Amino acid sequence: MKNQIPYGRHSIDQSDIDAVVSVLKSDFLTQGPLVPLFEKMVCEYVGVKNGIAVNSATSALHLACLALNVGPGDIVWTSPISFVASSNCALYCGADVDFVDIDPVSYNMSVDALLLKLERAKLENKLPKVVIPVHFSGQSCDMEKIFALGKEFGFRIIEDASHAIGSTYKNDKVGSCKYSDITVFSFHPVKIITTGEGGMCTTSDDELANTIYRLRSHGITRNPKEMTEPPDGPWYYQQIDLGYNYRMNDLQAALGVSQLKRLDSIVQRRQEIKNYYDKILIDLPLILPKQMEYNHSSLHLYVIQVKEKEMLADRKVVFERLREGGILVNVHYIPIYRQPYYQKKYSFLPSSFPNAESYYNQCISLPIYPELTNEDMDRVKETLITPIGHQVLF
């Protein structure tokens, strides 16, 4: 069997290894100088005042909801085409969740669907407290329009940019929080850059930042101004909130610092991969991903949709054929409302989200990562058009 080609893979070089080894030889494996350095570098890169590094993007989403006082009786809306963490974060806080259908071209939250849902919710007195747009595959949602709706209908905004570090929206880096309260990044190994596991919240709001800083470490403060009484001495601290141990360690941060230096070149390589795929797949009965004019995507994913009638084979057959050929494609994502937990809790109707359903029934994520070669992509194409039984695809 030929070598397998994964849909995504971390990109590690000797400088990354050296950075982590240097921490192992240092005095601090955690709560040392590397986490603040990584936070500072990300802030400078995206153009925002505050960055708070944590142990996962899921933790970052949870803390973002807590910082915005999401709790029982509140409603949070997000995209159904995302990983479950995008909505679970609200459930952790005791809030309820609903979804906004996607745009059929960008696969992001539809601004038109959002407006229609907001107008209905206003009549029913069920407006969301927070909306979490998801920058699917690295492509930014149309945040200026969503921000305007936030002002009109009174909701706060958390950008789930787990896919999107290195992306831009209307010439601003995603993460600048120009059109949101908080942005969340992921540094999972298959994302654009990695810290092994890890995430970050960025915000231009000092009060939100301070709350997130405190909640990521047990709700503890060492700031006398936040204490209920004068400190007993320089060792003194107080727990003033119920927080969590969501800290990032210095090994992870060292890897992040090293990776961040290559971020632009990594995004450029992903763009080259997209361009080559676009070139070799253009004549096949597929819907190729479209880049919206208002953004430059970091291209975490390259998602095709299968035109089943023209292909004379359904998505499952094509998916299985690719897997059999060693092309470890994936599907991003099963709509969250389809998950048994959500069905049991809310009984969502798939018919309420026609664009998400259509997308899910046809989508396949092809391999994309910096070390992917043109020869690898040619093999993906050849496997796509390999005969299945006595039937030739395309």
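**Exercise 1.** Does Asn-125 count as buried or exposed, and what is its relative accessibility?

*Solution.* The model is a predicted one. Begin with the location: Asn-125 is part of the loop that runs between α5 (111-123) and β5 (130-132). Next, consider the backbone: its phi is positive, about 55°, although Asn-125 is not a glycine. Finally, apply the cut-off, by which exposed means over 50% relative accessible area. Asn-125 has 72% relative accessibility and therefore counts as exposed.

**Exercise 2.** Determine the setting of Cys-177, from its backbone to its surroundings.

*Solution.* Cys-177, a residue other than glycine, has a positive phi near 60°. Its position is in the loop between β8 (172-173) and β9 (182-186). Buried means under 20% relative accessible area; at 5%, Cys-177 therefore counts as buried. Cys-177 also belongs to the lining of the largest cavity, whose other lining residues include Met-143, Glu-159 and Tyr-169.

**Exercise 3.** Describe the two largest cavities by volume and lining.

*Solution.* Three cavities of 30 Å³ or more are counted. The largest holds about 80 Å³ of space, and its lining divides into five nonpolar, two polar and four charged residues. The second largest has a volume of about 60 Å³. Among the residues that line this second cavity are Val-105, Phe-136, Lys-290 and Leu-301; by class, its lining has seven nonpolar, four polar and one charged residues.

**Exercise 4.** Which residues does a cis peptide bond join, and what is omega?

*Solution.* The bond joins His-332 and Tyr-333, with omega about 0°. Tyr-333 lies in the loop between β16 (327-328) and α12 (340-346).

Methods. Residues numbered from 1 in each chain as written. Predicted model: local features only at pLDDT ≥ 70, side-chain atom pairs only at ≥ 80, totals over all residues. Heavy atoms only, no water. 1 Å grid on protein atoms, 1.4 Å probe; cavity = no way out; pocket = protein on both sides within 12 Å on 5 of 7 lines; lining within 4 Å. Points joined across faces, edges and corners; volume = space filled by probe spheres on them. Nonpolar A, V, L, I, M, F, W, Y, C, P; charged D, E, K, R; others polar. Helix = DSSP H or I, 4+ residues; strand = E, 2+ residues; numbered from the N terminus. Buried < 20%, exposed > 50% of the residue type's maximum accessible area, 1.4 Å probe, protein only.
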